[in-house]
Amino acid sequence: MVKPVTFTFEETNIDEISTFAGRVAIFVTPDGKLDPAARRVNRLTKGAIARLVEAGVKAGDARVLAYPVGMAAEAVDVICLDKRASIEENRAAGVALAKARGKVAVLVCAGNNNKAAQIVLGLALRDYEFTDHKTDEALADTRSVTVMSTKPSEIEENARPLLAVAEGAFFTRDLVNEPANVLTTTEFADRLVAMKDLGLEVEVLEEDKLAELGMGALLSVGQGSDSPSKVVVMKWMGGETDAAPLALIGKGVVFDTGGISLKPAAGMEDMTMDMGGAGVVAGAMRALALRKAKANVVGLVGLVENMPSGNATRPGDVVTSMKGDTIEVINTDAEGRLVLCDVMHYAQETFKPAGMIDLATLTGAVIIGLGHENAGVFSNDDGLCNKFLKAANAEGEGAWRMPLGKAYADQLKSSIADVKNVGGRPAGSITAAEFLHRFVQEGTPWIHLDIAGVAHVKAETTYAPKGATGWGVLALSRLVEDAFEAKEEE
Ligand code: BES
Ligand code: ZN
Ligand code: ZN
């Protein structure tokens, strides 16, 4: 993993601005007001800031003074931010700084901006690179950001939980970017077990245990691979002792060749991201532990590799799920639902959760429907679903609700088993969701998130370079905060 940027928070010290050897970021308002730091830079640079402002700036503008004579700095970033800038605008300022900065240290002169923590989050999230497999060591430099403000402890107190969430998103990105020869099911489980250090309880269920539990659907996916199938259970019990937990379930197919229903060669290398759902669950659990969330949340991931071999599942095979339903496997490439159905059943039997959210790079069809802008959201519970949509919207993570319905479920009728694993081309994402719906118990509020289009993208997004996005970690952490954490009495 690339070392995340380290942040320090300091009381404003006007003298340090002239001696700081890195990039100095100052903020101006659209009406041309300069705060003390900007005034200082203006004086040092003999009026360069005033001239820049007089030439006209509007909110959101980011300008650069490339050679600030009179200062030790390499460059000065001048960002125009309205006094009443929104959370998004503050984050965007941080993103602009992350993009501008290259490899040098940054001094952010945040003044008395009470949303400066959001600048910090924007900077942190965008400042990510996956360089583990580059041999150029310079790329792995540790970088630092100093935030100077009139109330550093207040900003730091607000920023620390946000940085915990960013670290969770980085954990997700690293897992999703990792190639499948490195991130085997065993390596994945080991990285989750290492999170015990953060206070999470972590348990690994091995193949013999999964067989004993009757997880015939999940095991049928991994049986063609030399990597053993595993289910990893992570628990964060930061809430009331007897409060039912929220359960997060992730599809962790470390590589999806399609199995005997082999995928075409072109683009198959992207299927290294088919553990994206498990990656988000892992990142969200990490974020909750790091920010010591006052909630009970369990994260369960099904880790398997979908390979063709002499021992692989064939199209036409019938397997038995832990719930007891028999499944006719029409297409071995529709494997994610076979993994999830057993993990979902196990989670409900074991934890009787107050809510259950599964995340999966489940269907190519969701990319046809929603592109890379929104995840597909399916739910049996308007209350929980609306809370999630609100959280995702607040965090700038695209999410769009799609329908469920009996007519879609009927497409999954099998002539020889209780259900089949594909429902034909029409509404492929919805029939996949209906397959999962069958394994949701009466009274469990449930959301299924099809993240095939958003987990990994070919072009940069607002908060991430191309590749893994970490989509969902921010939204889930916010949902937990808004809907599951014990609120202190006002
Ligand atoms: N992992 C894929 C879905 C996927 C496709 C994720 C593209 C990310 C990008 C999934 O296991 C799959 O292969 N689904 C099939 C289902 C079909 C056989 C019913 C699909 O979408 O084509
Ligand atoms: Zn598949
Ligand atoms: Zn898959």
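In this predicted model, the donor residues of the zinc ion (ligand 2) follow the sequence spacing D-x76-D-x1-E. The protein atoms that serve as donors to this ion are Asp256 (OD), Asp333 (O), Asp333 (OD) and Glu335 (OE). Their distances from the zinc ion (ligand 2) run from 2.0 to 2.2 Å. The site of the zinc ion (ligand 2) has 6 donor atoms, and the angles among them range from 71 to 167°. The arrangement around this ion is classed as irregular.

A second metal site is formed around the zinc ion (ligand 3), whose protein donors are Lys251 (NZ), Asp256 (OD), Asp274 (OD) and Glu335 (OE). These donors lie 2.0 to 2.4 Å from the ion. Along the chain, the donor residues of the zinc ion (ligand 3) show the spacing K-x4-D-x17-D-x60-E. The site of the zinc ion (ligand 3) is octahedral because its 6 donor atoms subtend angles of 76 to 173°.

The two metal sites are linked. A distance of 3.2 Å separates the zinc ion (ligand 2) from the zinc ion (ligand 3), and Asp256 forms a bridge between them. Glu335 is likewise listed among the protein donors of the zinc ion (ligand 2) and among those of the zinc ion (ligand 3).

Attention now turns to ligand 1. The space that ligand 1 takes up is the largest pocket. Ligand 1 is surrounded by 17 residues, of which Lys263, Asp274, Asp333, Glu335 and Gly364 are the closest. Sorted by class, this shell comprises 6 nonpolar, 4 polar and 7 charged residues.

Several side chains make polar contacts with ligand 1. In the side chain of Lys263, an N or O atom lies 2.8 Å from an oxygen atom of ligand 1. For Lys251, the distance from an N or O atom of the side chain to an oxygen atom of ligand 1 is 3.2 Å. A nitrogen atom of ligand 1 is found 2.8 Å from a polar side-chain atom of Asp274. Considered alone, ligand 1 exposes 520 Å², and 77% of that area is buried by the protein. Lys251 and Asp274, which contact ligand 1 in this way, also belong to the protein donors of the zinc ion (ligand 3).

How values were computed
Residues are numbered from 1 along each chain as its sequence is written. Chains are lettered from A and ligands numbered from 1 in the order in which they are written. This is a predicted model: local features need pLDDT of at least 70, side-chain atom pairs count only at pLDDT 80 or more; totals for chains, interfaces and linings use all residues. Side-chain values use heavy atoms; hydrogens and water are left out. A residue is near a molecule or strand if one of its heavy atoms lies within 4 Å of it. A polar contact is a pair of N or O atoms within 3.5 Å; within protein, one must be able to donate a hydrogen and the other to accept it, and residues adjacent in sequence count only if both atoms are side-chain atoms. Accessible areas come from the Shrake-Rupley method with a 1.4 Å probe; for residues, only the protein chains shown count as cover. On a 1 Å grid over the protein atoms alone, a cavity is a set of points where a 1.4 Å probe fits but cannot get out, and a pocket is an open set with protein on both sides within 12 Å along at least five of seven lines; lining residues have an atom within 4 Å of a point. A molecule sits in a cavity or pocket if more than half of its atoms lie within 2 Å of its grid points. Ala, Val, Leu, Ile, Met, Phe, Trp, Tyr, Cys and Pro count as nonpolar, Asp, Glu, Lys and Arg as charged, and the others, Gly among them, as polar. Donors are N, O and S atoms within 2.8 Å of the metal (3.2 Å for Na, K and Ca); water is not among the atoms, so sites may look incomplete. Four donors count as tetrahedral if all angles lie between 85 and 135 degrees; four count as square planar and six as octahedral if opposite donors are over 155 degrees apart and all others between 65 and 115; anything else is irregular.
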